[in-house]
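Welcome! Here is a short tour of one protein model, going from a single residue to a pocket and then to the whole.

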Amino acid sequence: MARTGLAGAVRVARWADSALGPGSDAATADGKATLSDATAERAAAGLGLDADRVRADWDTARLAGLIEVHGDNARPGWRLRAWDRDDSAVLRGWVALFDAWSLASPEPAEFEPAAVAEVVSAMPQVLSFLQLSAGPVPVEQLLDLLQQRVTELRTERCEVSYEPGAAGASGPAEPRPTADTPLAPLLDWALTALAAVGALTYGDGQATLTPLGSWAVWVKLEQICVAAQSPAGNIEQSAEDMLRGCAQLRPNAARAEYRAWLAARPVGSAVTELLAAARGDDALLRGLAFEALRVVGAPAEPEVHAVLDDPALRPYALLWLAEHDGVDPEDAHEVLTREEATWLWVDTAAAVADHGETSMLIRHLEAAVQPTVPTLLDEVRAVGHPRTVQVLVALAAAHPDPALAKAVRRAAFQVHTGG
């Protein structure tokens, strides 16, 4: 169903991929992802469609992540690349469209934006009721539920409008502009928009979730349950604070915490926040951020690709991409050059020196790709990691072999003095 519903969007996205390559005219006219008239006409001629159909399919492709627009430039999203080989990419694309249902159809212009926002906020409860009903539900019943939920939202915000002469009124107050807004037209708009993305069928005074819509609502409810089961209570923390909170957890517990944290926020912003944490000075957070990105999976692929030019993140990104492509984690290190592997060794040693035990730092020597300690020291000095001196000093202080410790201290001194 998801493939069928997004077939038109995929068709336009693939046309854009082949026809709007580097050096061609800009696809958009305003830097806001609106398809330019010239490009719409060109696509219509190439696909045998009318321009309005092309614009509608373009908007769907953009909302589903099949097309990514940056300023006046469009490029294929990761879901388009994975479309033919990955069913999960198709489902994620449709869920992205489902999440954006209020953007897929223009909202009624005659209503206050605040009223529209209230209805959008209340619709998850309406959809949950439809999912639990497992069949057609009269619109009148849905309208009653919507009115109750909107009233609850206003009460939670303490935004009860003042009524002259009401008992207990202490003085005049500004009435909310949405207080008297009729909700029936807005419910009609919401159900029509949800039907347009394939989440439900709507007509003859009733609404019914499609199998795809029922599955999507179930997934959202499951995510809420996962988020509620956060073992360490870091759901509302920033990525950096969440990762610090997971540093002392066992791997399985940490992954559960990552899943809960990710379930509570949009994937795109979560990935951006994790990569920002990875760019910091704490090497431990760098490694943990990429562990959390492994939980994200395929949706993180474009952003991980984009950090390959960052020397500090490149080794982590290469390992992540190799494992994502199916390489056994034990063999993934083979994608690294000797220099990248050495950089990663120093970065990991920095994390151990800052947060681990002395014995762990000594054992970390065994993880180096160099066959001997002198070779390791030569290559560590050459790699230019900003924490090299601190790592070598910590290793020299921790190692029980006086001769080896002396050689490591000498290497640290040479790096420090530029020798």
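## One residue: Asp 347

A contact means heavy atoms within 4.5 Å. Setting aside neighbours within four places in sequence, Asp 347 is in contact with Ala 283, Arg 286, Tyr 316 and His 385. This is a predicted model, in which local features need pLDDT of at least 70, side-chain atom pairs count only at pLDDT 80 or more, and totals for chains, interfaces and linings use all residues. Residues are numbered from 1 along each chain as its sequence is written, and side-chain values use heavy atoms, with hydrogens and water left out.

Asp 347 sits in helix α18, residues 338-355 (helices are DSSP runs of H or I, at least four residues, and strands are runs of E, at least two, numbered from the N terminus). Asp 347 counts as buried because its relative accessibility is 1%; buried means under 20% relative accessible area, exposed over 50% and partly exposed in between, with a 1.4 Å probe and protein chains only.

## The lining of a pocket

Which residues lie nearest the centre of the second largest pocket? They are Gly 287, Glu 291, Tyr 316, Thr 348 and His 364, out of 40 that line this pocket. A pocket here is an open set of points on a 1 Å grid where a 1.4 Å probe fits, with protein on both sides within 12 Å along at least five of seven lines; lining residues have an atom within 4 Å of a point.

Helix α18 gives the largest share of that lining, nine residues.

## The whole protein

The protein has 22 helices and five strands. Of its 419 residues, 43% are buried.
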